[in-house]
Each structure stands twice: as structure tokens, then as C-alpha cells.
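Student: I am new to this structure and would love a close look at one part of it. Could you walk me through the sheet, strand by strand, and then through what lies against the sheet?

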Amino acid sequence: MLQTSHFERKYNQITLNKQDDHVPSQLNIFSLFAIIMPMMSRSDIAREIVLVCQRLAQKGFVTATDGNVSARLPNGNILTTPTALNKGRVTESDLVEAKADGSAVTLSRKPSTELGMHLFIYGERPEVNAVVHAHPPYATGFATARISLTECVFPEVIVSLGAIPLAPYATPSTNEVAESLAPFVGAADAILLTNHGVVAYGNDPEDAYFKLEKVEHAAHIIFVARLLGGEHRLTADQVQQLRSLSQATYGKDPSGKTACDPEIPPGASEGDLKELIRAILAEQMKSSSPARSDQQHSVHRGT
Ligand SMILES: [Zn+2]
């Protein structure tokens with residue numbers, strides 16, 4: 001299990017002025033990102049969180065009081081849905097502001113019990129500005145059957161998300177959830193949570209929601225394909241063509257994402273294939289490294 005001290009160490013590095021929403025008290029990596037990225041105001045962010053909550057409820061991705069949504073504010077604090085409230089009923093005034101160490105700034109309601117998972121993701125991925133967690137039925141069905149979505153099947157998913165890994169089971173609302181994400185969070189923008197649901201994250205609440213929606217859509221289609229005899233994966237060559245096209249057309253560098261598993265040609269072993277993919281990615285990383293920092297913002301943006 002992650003020790004509390006780990007979180008304290010990680011989040012004690014963040015010192016921001018909580019008195020003023022717009023003026024960081026000292027320059028750190030979060031305030032640097034806030035300067036570089038197009039800034040949404042607090043009210044824009046709150047409005048978008050509410051819209052995402054409504055979509056989660058309308059789509060049936062959550063029931064009762066399930067799910068949680070959060071976003072990073074211009075002051076470095078996190079604005080999150082409160083605990084124990086149906087997502088279809090969330091209003092902007094229900095949202096809770098919390099500091100990066102998890103302590104609440106807004107005292108009228110308690111933050112989501114999964115706030116620790118959200119904070120862990122923000123800590124590990126400084127460019128991420130929003131996190132959405134829900135229990136969409138098809139993707140959660142795969143997570144409950146303990147089947148990851150790592151096969152190369154859909155071009156859109158391959159170029160925007162790469163492989164969608166399955167994190168091991170962790171007791172919801174505990175630090176175990178963050179620990180279960182640790183091996184995957186750096187190279188995935190959406191993760192299945194075993195026997196639980198899905199978490200996705202991105203540049204803003206809508207971007208994070210779209211990623212979660214894309215995961216659910218992929219899971220639904222694969223489910224249907226399996227009823228019809230099973231999906232067919234794209235080959236390594238087809239995947240490489242997609243990645244090259246994505247990079248040339250959209251400037252997206254896919255090398256930071258975990259590669260999906262392509263179709264295995266007759267006679268080749270899975271080990272051979274993984275070696276080939278690793279070589280392709282290493283080659284891509286070499287050729288794209290000078291522009292990588294400039295493209296950081298677009299790398300994790302969905303199409
Ligand atoms: Zn949950």
C-alpha cells in the first residue's frame with residue numbers, strides 16, 4: 001500500500017497561494033503549466049465539470065451517487081464533485097475545492113471519496129488538468145472479467161489512447177487505488193480498474209470525459225464483435241501507418257503511450273512482435289525528440 005508519507009512528500013512540494021485564485025505564490029511546475037496552457041477560468045471549469053457530470057448520468061455511465069469528476073484550477077487547487085451526490089444533480093455550487101494535499105478549502109460539502117486517486121494522477125502527470133471516474137457498463141464488464149483493452153483494434157483508439165491497461169483490484173476510496181494505477185498512469189490516459197470501473201484524464205473535463213466515452217464505446221464494440229465470432233486485430237504494419245499518419249497530420253507523438261498489441265503474423269511469437277513494436281517506438285522517439293516538449297500539450301489530446 002502507498003504510505004501516507006508518500007503523498008505528503010509528493011504534495012508538500014506544491015506551495016500555492018490559496019488566498020488568491022489567480023496568483024501563484026511561487027513558481028513551480030504546476031504554475032509553469034498554468035502559464036503555458038490556455039487558461040480556463042474557475043467558473044468555466046466549474047461549468048464544464050457540471051456538464052460532464054450530466055453526460056455521465058445521461059449515458060448511464062454512473063448510477064446512484066457513483067463516479068467523480070475533478071479539474072485543476074488556475075491556483076493549483078483541485079475542484080471536485082462532492083461525495084454522495086447523484087451526478088445528474090450536481091450544480092456548480094456543490095463542487096468542492098481541495099488543496100493538492102487533499103485538505104478541503106470549501107467546507108460546505110465533503111469532497112469525493114476518490115479524491116486521493118485524482119490527486120495521485122495530477123501528481124504523476126503535471127500536464128493533466130482533469131480526471132473523470134465512472135462505471136460505464138461495457139468497459140466495467142471487461143474490467144470485471146479482468147480483460148484489458150490492449151489489442152490494436154480501432155484506429156481512433158490506437159492513435160489517441162494506445163493500449164488501455166487493466167489495473168489490479170484495489171479497495172475503492174483507499175490509497176490502494178493510487179498504488180494500483182502507479183505502473184500505468186505515466187503511459188496511459190485511460191485505465192480500467194479491476195471489478196470497479198474506468199478512470200480517464202486529459203487537458204480539461206470534456207477531454208477527459210471523451211476519453212472515458214471512447215473506452216466505453218470500444219468495449220461495447222469489442223463485446224459485439226465477440227458475439228459475432230471475435231474481433232480481428234490490425235497488423236503491426238497497419239498500426240505503424242496509423243501512427244505515422246497521426247504524427248504527420250496532427251503532430252501527435254504517440255511514442256509516450258503504451259503500444260497496443262497488434263495481430264501476430266503466422267509463425268511469429270508474441271515476444272518477437274513486442275520486440276518489433278519496441279524498436280519502432282524507439283525509432284519514432286529518436287526522430288521526434290527535438291519537438292517533443294513543444295508538442296506536450298497535444299500529445300494527450302483526443303482527436
Ligand atoms: Zn468508482
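Tutor: Happy to; here is a walk through the sheet, then the helices across it, and finally a few loop residues.

Please keep in mind that this is a predicted model. To set the scene, the chain has 11 helices and seven strands. Of its 303 residues, 41% count as buried. Among contacts with a separation of 6 or more, 70% are between residues 24 or more positions apart.

Now to the sheet itself. Seven strands form an open sheet in the order S3-S2-S1-S4-S7-S6-S5, and the pairing is mixed. The edges belong to S3 (96-98) and S5 (166-167); each has a single partner strand, so one side of each has no neighbour in the sheet. As general background, strands of a sheet pair through backbone hydrogen bonds, either parallel or antiparallel.

Let us stop at S4 and look around. Is this strand buried or exposed? Five of the five residues of S4 (residues 130-134) are buried, so the strand is largely enclosed by the rest of the structure. You can check this face by face: Ala130, Val132 and Ala134 lie on one side, Val131 and His133 lie on the other, and all are buried.

S4 has a partner on each side in the strand order, S1 and S7. With S1 (residues 68-72), S4 pairs in the antiparallel sense over four bridges. If you want a spot to find this pairing on the screen, look for valine 69, whose bridge partner in S4 is valine 132. With S7 (residues 197-202), S4 is joined by five bridges, and these two strands also run antiparallel. Here there are two pairs to look for: valine 131 faces tyrosine 201 of S7, and alanine 130 is placed opposite glycine 202 of S7.

Carry on past S7 and you come to S6 and then to S5 at the edge. S6 is covered on both faces, with Ala190 and Leu192 buried on one side and Ile191 and Leu193 buried on the other. S5 and S6 run parallel and are joined by two bridges. In this pairing, alanine 167 stands opposite leucine 193 of S6.

Next, what lies across the sheet? Helix H4 (residues 115-124) lies across S1, S2 (78-80), S3, S4 and S7, at about 145° to S2. Helix H8 lies across S1, S4, S6 (190-193) and S7, and runs at about 140° to S7. S4 is therefore among the strands crossed by H8 as well as being a strand with all five residues buried.

H8 also meets other helices, so let us follow it outward. Helix H3 (residues 42-58) packs against H8 (residues 205-227) at an angle of about 20°, with the axes 9 Å apart. The two are therefore roughly parallel to each other, and their crossing is right-handed. On the H3 side, Glu48, Ile49, Val52 and Arg55 take part, and they meet Pro205, Glu206 and Tyr209 of H8. Sorted by class, this contact has four nonpolar, no polar and three charged residues.

Helix H5 (residues 137-144) meets H8 as well: their axes come within 7 Å and cross at roughly 70°. That makes H5 roughly perpendicular to H8. The residues in contact are Tyr138, Ala139 and Phe142 of H5 with Val215, Glu216, Ala219, His220 and Phe223 of H8. By class, the contact has six nonpolar, one polar and one charged residues.

Let us end with three residues in the loops. Valine 90 is in the loop between S2 and S3. Valine 90 counts as buried because 24 other C-beta atoms lie within 10 Å. Leaving aside residues up to four places away in sequence, valine 90 touches Val50, Cys53, Thr81 and Leu85. Its C-alpha atom is separated by 9.9 Å from that of valine 52, 38 residues apart along the chain.

The other two stand out by their backbone. Most residues other than glycine have a negative phi. Serine 173, in the loop between S5 and helix H7 (175-181), has a positive phi of about 70°. With 15 C-beta neighbours inside 10 Å, serine 173 is partly exposed. Asparagine 195, in the loop between S6 and S7, has a positive phi near 55°. Asparagine 195 has 14 C-beta neighbours inside 10 Å and so counts as partly exposed.

Conventions
Residues are numbered from 1 along each chain as its sequence is written. This is a predicted model: local features need pLDDT of at least 70, side-chain atom pairs count only at pLDDT 80 or more; totals for chains, interfaces and linings use all residues. Axes are lines fitted to C-alpha atoms, for helices over the stretch in contact, and angles run from 0 to 180 degrees between N-to-C directions. Angles under 35 degrees count as roughly parallel, over 145 as roughly antiparallel, 65 to 115 as roughly perpendicular and the rest as oblique. A crossing is left-handed if the near helix is turned anticlockwise from the far one by less than a right angle, and right-handed if clockwise. Two residues are in contact if their C-beta atoms, placed from the backbone, lie within 7 Å. Ala, Val, Leu, Ile, Met, Phe, Trp, Tyr, Cys and Pro count as nonpolar, Asp, Glu, Lys and Arg as charged, and the others, Gly among them, as polar. A residue is buried if 20 or more other C-beta atoms lie within 10 Å of its own, exposed if 12 or fewer, and partly exposed in between; C-beta atoms are placed from the backbone. Two strands pair if DSSP finds at least two bridges between them.
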